[in-house]
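Me: Please give me one close look at a single part of this molecule, and connect it to what lies around it. I would like a careful, continuous account that I can follow beside the structure.

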Amino acid sequence: MTSLLGHDEQGHTLLAAARSGRLHHGWILSGPRGIGKASFARAMALRLLAEAAGPAMPGEGLYVPQDHPIRRLFEAEAHPDYAELFCLEKDSGTARNITVDQIRGLQRLIQSAPSMSTRRIVVIDSADDLERGAANALLKNLEEPPADMLFLLVSHAPGRLLPTIRSRCRTMRFEPLSDEALRTVLRATDEALSPAELDALVRAGEGSPGKALRYAGLGIADMEQALAAIAADGDPGNRQRLILAKTLASKTARPRYEAFLERAPAFIASAARQRRGAALGQALDHWEAARQLASGAIILSLEPGAVVFELAGHVAALAR
């Protein structure tokens, strides 16, 4: 099974069902955002289409050789038996929903016979983004699915889906990746990552490759080192806090500043887990204050330097 995706059990389950001829037509791939559900869905779709069309492939995982003809079609977005729906780009930015017209656009695929094998596959990333009319239109297809049609619905919050959609699909749960699996994904993405930066991204990602990669290139390891130094001695004289505030206050440092708004409360929360009694209560108080300040900093257009200094003050309080 592919270690890059890190969801071996789920892959084995779907492949075994497909090879047995008992693959259910609709699956909800549920779990936290950013842990690789959509990547898994695409890799599974490619493997199933390649197996159905031939030639035969070695291995039991989701890997498909680079020179396989189905892979070339798939990566060129030209496979006639595959469709993927997601929020489209508009002139004003990315649309907020998957529209009913996008669902209706699947009818050519659904109503025609498969072109290259006996299988057709639709991936929806994510089904949470279906507008009401689109969800109802999809439901009709799930109620009377064509033979050899497979729907893979990525969902970060299955409770938001129509109950009737959930009842016509099987749900497959995806958990955050282990640190080892996440480390593998990050190394494959950027082999130049230093050991310190890789460790920091693994901690920041919390099992989510998508979340970890948002921090890539932002110097998370240096940021964590600065916070650890402040927490260790309380930063008497405010020297380290002032340096941190100055470093993150410029316009060019905006991405790092936004990362700091997430990482500072997370650093306090991590420290709180190691405490008991009164020390735990104090750490949680500072975490709550830091969380509220960080969550409102962008919305309220607060001055970045002042926000960084105050957040670092909550970190410094951990030394008391």
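Reply: At 26% relative accessibility, Glu 288 counts as partly exposed (buried is under 20% relative accessible area, exposed is over 50%, and partly exposed lies in between, with a 1.4 Å probe and protein chains only). Its salt-bridge partner is Arg 291, with 2.6 Å from N to O between the two side chains (a salt bridge is a side-chain nitrogen of Lys or Arg within 4 Å of a carboxyl oxygen of Asp or Glu). This is a predicted model, in which local features need pLDDT of at least 70 and side-chain atom pairs count only at pLDDT 80 or more, while totals for chains, interfaces and linings use all residues. Residues are numbered from 1 along each chain as its sequence is written, and side-chain values use heavy atoms, with hydrogens and water left out.

Arg 291 and Glu 288 share helix H14, residues 277–297, where they stand three residues apart, about one turn of the helix (helices are DSSP runs of H or I with at least four residues, strands are runs of E with at least two, and both are numbered from the N terminus). Arg 291 is partly exposed as well, at 35% relative accessibility. Beyond H14, in the loop that leads to helix H15 (304–316), lies Ser 301, which has a positive phi of about 55 degrees although it is not a glycine. Ser 301 counts as exposed, at 63% relative accessibility.

The pair in H14 can be set beside others, since the structure holds 16 salt bridges. One of them joins Arg 47 and Glu 51, at 2.8 Å from N to O, and both residues belong to helix H2 (residues 37–53), four residues apart, about one turn of the helix. Here Arg 47 is buried, with a relative accessible area of 2%, whereas Glu 51 is partly exposed at 29%. Arg 19 is linked with Arg 47 and Glu 51 in a network of salt bridges.

Another salt bridge brings together the side chains of Arg 183 and Asp 199, at 2.6 Å from N to O. Because Arg 183 lies in helix H8 (residues 179–189) and Asp 199 in helix H9 (residues 195–205), this pair ties together parts that are 16 residues apart in sequence. Arg 183 is partly exposed at 21% relative accessibility, and Asp 199 is partly exposed at 30%.

Turning from the helices to the strands, we find an open sheet of five strands with the order S2-S5-S6-S1-S7 and parallel pairing (two strands pair if DSSP finds at least two bridges between them). Its edges are S2 (82–85) and S7 (170–173), each of which pairs on one side only. From one strand to the next the twist averages 20 degrees (axes are lines fitted to C-alpha atoms, for helices over the stretch in contact, and angles run from 0 to 180 degrees between N-to-C directions).

Within this sheet, strand S5 (residues 120–125) is mostly covered, with six of its six residues buried. Arg 120, Val 122 and Ile 124 point one way from S5, while Ile 121, Val 123 and Asp 125 point the other way. S5 runs parallel to S2 over four bridges, and Tyr 82 stands opposite Ile 121 in S5. S5 is also joined to S6 by six bridges, again in the parallel sense, and here Asp 125 has Val 154 in S6 as its bridge partner. Between these two strands the chain passes through helix H6 (residues 132–143), in a β-α-β crossover that is right-handed (that is, with the strands pointing away from the viewer, the path from the first strand over the helix to the second runs clockwise). S6 (residues 149–155) also pairs with S1 (residues 26–30), parallel and over five bridges, with Trp 27 set against Leu 152 in S6.

Two backbone details belong with these strands. The peptide bond from Asp 125 to Ser 126 is cis, with omega near 0 degrees, and Ser 126 sits in the loop between S5 and H6. In the loop between helix H3 (69–75) and S2 we find Glu 77, whose phi is near 55 degrees, a positive value in a residue other than glycine. Glu 77 is exposed, with a relative accessible area of 76%.
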